[in-house]
Amino acid sequence: MVMLTDAWLIARKDLKLEIRSRVAINQVMPFALLVLVLFAFALDPDRGLLEKATPGLYWIAVLFSGLLAMQRAFSLEAADGVTDALRLSGLSPAGIYLGKTLSVAVQLLVLEVLLGIGVAVLYGTSITGWLLLLVTIVVATAAISTAGTLFGVVAAGLRVRETLLPLLLLPVLAPVLIGATRAFESALSGTPSEGWPWVGLMSVFAVVYAVAGIFGFGPLMEES
Amino acid sequence: MTTETVGSVEASASGPTSTGSRTTMVLGIVTLIALGVLVLFGLILSPADESQGDSVRIMYVHVPSAILSYAGCFLTAIGSAVFLWRKSQWWELVAYAGAEVAALFTAFTLITGMLWGRPTWGVYWVWDARLTSEALLMLLLLGYLAVRRLAADYEVRAKRAAIIGLLLVPNIVIVRQSVQWWRTLHQTPTLSLSGAEIQGLMLFSLFTGFVAITLVFIWMVIHRFRVAWLEEQLEAEGLDTAIAERRAEGVIS
């Protein structure tokens, strides 16, 4: 119970910081849209390639712009010894982990909605299979944010954190990328039954990382 | 895990004092003999395959090293778990040695696999489930090693690497499952050896390969562990010496 109230506190703090600093709105979201435009340059927009590749491009854009949000989740506390303050605050480490995960997840969800509108408008993708799409988004977001927050703290406070986090996180998230892409593909092609096993796999992934984060965050936070 | 135990990784008193011992020397000689037997059977005595020709000989080292690359990851996960639980530096170094040797074997598996694939399939790489998971395994191990070799305090890099090492096993399971589905839901797997029955001298050569490559693996892990142990001892000793020298300076002047 304490864990959940702590999580709520941390998530509110982080989201408030994001809203006030406007980094997510002014930098991360424009970057996400930029990625979508870059894909159009890289692939021929006239031959329907973009529409065919929408699921993959969508999730690549989510991962890359999400990485920025996850870097932020810990660089917020990098300056002025705020990490120590957080450690001294008496909040339970599991609560801090869940709070940060929640804050990252909320930002990812906003990004995903924006990118969804982006692909529908820019790539002309017609959207079908709403139930599977929405469940995939929720489960994949949970998977990305649980793993991202855990690896975020592994890389936090190091001089090499900007280069280390993508190296650690992207191979780990490969199954989520595959799963979310395939689930989107089956939803958009009107065969949702093929997508549900992927939702299951991503749920297992999210649970594994949530458990690892809840238990691993304490030891990771104790050293500096 | 309580706060008191953190920050004091206990170094066991009895550790190796050199990179080898009499036992590892015997092990090394046995390994060399086994490799010689493997060369004899794999390259000379065993026949060429009907469909694959001489390139089938690559399999005698490729298959064992693929399996041992996974064994190395399990060793790393076990070492990391015991380190996080008991704060034992010994196990942390076992995990590190396992990961490094596993990365080497993964690279060897990928290279031999490509050399086999080129004459057999006509291409170095196909997006087969097994190939893809081996490649991802390599990237996961590189991530572990990147953290383990950070220019940071031993405490910091050991603990962070151990969390990653512990997660290697669930990661591998999930990665393998996902690429399996990825390649089978939409098309049949490209690689299929099930039609080819291996028997006789070829089976024996593969068996020899398993024995020889496993011995190489064990020999490498032991030596890597001993070197890592000595490195950490030297670092700790170097710090003590430096502190003592500074103190001495203070006394004189």
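**Exercise 1. State what share of the 224 residues in chain A is buried.**

Solution. Buried residues make up 48% of them. Here buried means 20 or more other C-beta atoms within 10 Å of the residue's own, with C-beta atoms placed from the backbone; 12 or fewer is exposed, and in between is partly exposed. The model is predicted: local features need pLDDT of at least 70, side-chain atom pairs need 80 or more, and totals for chains, interfaces and linings use all residues. Residues are numbered from 1 along each chain as its sequence is written, with chains lettered from A and ligands numbered from 1 in the order written.

**Exercise 2. Check the length of helix 4 of chain B against its expected span.**

Solution. Helices are DSSP runs of H or I with at least four residues, numbered from the N terminus. Helix 4 covers residues 129–148, 20 residues. The expected span is 1.5 Å times one less than the number of residues. That gives 28 Å, and the end C-alpha atoms are 28 Å apart, which agrees. Of its 20 residues, 14 are buried, so helix 4 of chain B is largely enclosed by the rest of the structure.

**Exercise 3. Describe the side of chain A that touches chain B.**

Solution. Count contacts, meaning C-beta atoms, placed from the backbone, within 7 Å. 25 residues of chain A are in contact with 30 residues of chain B. Helix 8 and helix 9 (196–222) of chain A each give two or more residues to this side. Helix 9 gives the largest share, 11 residues.

**Exercise 4. List what Leu168(A) touches, beyond residues up to four places away in sequence.**

Solution. Within chain A, the partners are Phe151(A), Val154(A) and Ala155(A). From chain B come Gly143(B) and Ile164(B).

How values were computed:
Two residues are in contact if their C-beta atoms, placed from the backbone, lie within 7 Å. Ala, Val, Leu, Ile, Met, Phe, Trp, Tyr, Cys and Pro count as nonpolar, Asp, Glu, Lys and Arg as charged, and the others, Gly among them, as polar.
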